[in-house]
Amino acid sequence: MTVRAFYSALGVGLPAWSTREAPARCFARPDAHNHGDRSPSCSVNLASGAWNCHGCGARGGAYDAALALGRSPRSAMDLLVAHSLAEPQAPRHRTPNRTPGREARIGFQQTGLRASGRTARCR
Ligand SMILES: [Zn+2]
């Protein structure tokens, strides 16, 4: 669960039993709640990382959560990328085995094999 790991890195523990929406103490405006929101009124979407607080109305995405927890914009972005929740803004290099040319070549070879197999079966 990348979203869970992301929030864990921010110091927000999401319960292991939650599958879609995880309850969390309000981290955006804890002061807006009694006792620092002891009974969690914030919920985090484990698929997207988006969150919203039913108590104070604060909401946002994973990036906003990082900012709310005191990260700098740069550090928030790094954390998103580290947990595969965002693409790097300016990729400096491409991974060799992910270039379109190589994928296309592999695809062509597989298609060729499949085609010849079918021909053999027909005759
Ligand atoms: Zn709140």
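## Briefing: helices around a four-stranded sheet

In H3, three residues are buried: Ala76, Leu79 and Leu80. Looking down the H3 axis, these buried residues stay within an arc of 100°, so they line one face of the helix. Keep in mind that this is a predicted model. The protein chain has 4 helices and 4 strands, and from the N terminus on its elements run α-β-β-β-β-α-α-α. Here's the tour, starting with confidence and then moving from the helices to the sheet, the core and one loop residue.

**How far to trust it**

- Averaged over the protein chain, the pLDDT is 82, and 71% of the residues score at least 70.
- Residues 106-114 are the stretch to watch: their pLDDT is below 50, and beyond near neighbours in sequence they make 0 contacts in the model.
- Where pLDDT is low, the predicted coordinates should not be read in detail.

**Overall numbers**

- The protein chain has 123 residues, and buried ones make up 17% of them.
- Take the contacts between residues at least 6 apart in sequence: 41% of these join residues at least 24 apart.

**Helix H3 and what sits over it**

- On the other side of H3 from the buried residues you'll find Arg74 and Ser75, which are exposed.
- An α-helix has 3.6 residues a turn, so residues three or four places apart point the same way.
- H1 and H2 are among the elements that cover the buried residues of H3.
- Once H3 is over, Ser84 follows with a positive phi, near 55°.

**Helix H1**

- Val3, Phe6 and Tyr7 are the buried residues to look for in H1.
- Seen down the H1 axis, its buried residues fall within an arc of 90°, so they line one face of this helix too.
- That buried set packs against E2, H2 and H3.
- Gly11, just after H1, takes a positive phi of about 90°.

**The sheet**

- The 4 strands make an open sheet in the order E1-E2-E3-E4, with antiparallel pairing.
- E1 and E4 (59-60) are the edge strands, each pairing on one side only.
- E1 and E2 run antiparallel and are joined by 4 bridges; within this pair, Glu21 has Asn45 in E2 as its bridge partner.
- E2 and E3 (residues 51-53) are also antiparallel, with 3 bridges between them, and here Val44 stands opposite Trp51.
- These two strands, E2 and E3, form a hairpin with 5 residues between them, and Gly49 in the turn has a positive phi of about 90°.
- E3 and E4 pair in the antiparallel sense over 2 bridges, with Asn52 standing opposite Arg59 in E4.
- In a regular strand the side chains alternate between the two faces of the sheet.
- For E2 (residues 42-45), Cys42 and Val44 are on the covered face, while Ser43 and Asn45 are on the uncovered one.

**The nonpolar core**

- Which residues touch the most other members of the largest nonpolar core? Tyr7, Ala24, Phe27, Cys42, Val44 and Ala65 do, out of 19 residues.
- H1, E1, E2, E3, H2 (62-68) and H3 (73-82) each supply at least two residues of this core.
- Several threads meet here: Tyr7 is one of the buried residues of H1, and Cys42 and Val44 form the covered face of E2.
- Phe27 is worth clicking on: leaving aside neighbours within four places in sequence, this residue is in contact with Val12, Cys42, Ala65, Ala68 and Leu69.

**A loop residue: Ser18**

- Ser18 belongs to the loop between H1 (2-9) and E1 (21-24).
- Is Ser18 buried, exposed or partly exposed? Ser18 counts as partly exposed because 15 other C-beta atoms lie within 10 Å, where a buried residue would need 20 or more and an exposed one would have 12 or fewer.
- Setting aside neighbours within four places in sequence, Ser18 is in contact with Pro23 and Leu46.
- Ser18 and Arg4 are 14 residues apart along the chain, and their C-alpha atoms are separated by 9.9 Å.

Notes. Residues are numbered from 1 along each chain as its sequence is written. This is a predicted model: local features need pLDDT of at least 70, side-chain atom pairs count only at pLDDT 80 or more; totals for chains, interfaces and linings use all residues. Two residues are in contact if their C-beta atoms, placed from the backbone, lie within 7 Å. Two strands pair if DSSP finds at least two bridges between them. A nonpolar core is a set of buried Ala, Val, Leu, Ile, Met, Phe, Trp, Tyr and Cys residues joined through C-beta atoms within 7 Å. The arc is that of the directions from the helix axis to the C-beta atoms. pLDDT is the predictor's confidence in each residue, from 0 to 100.
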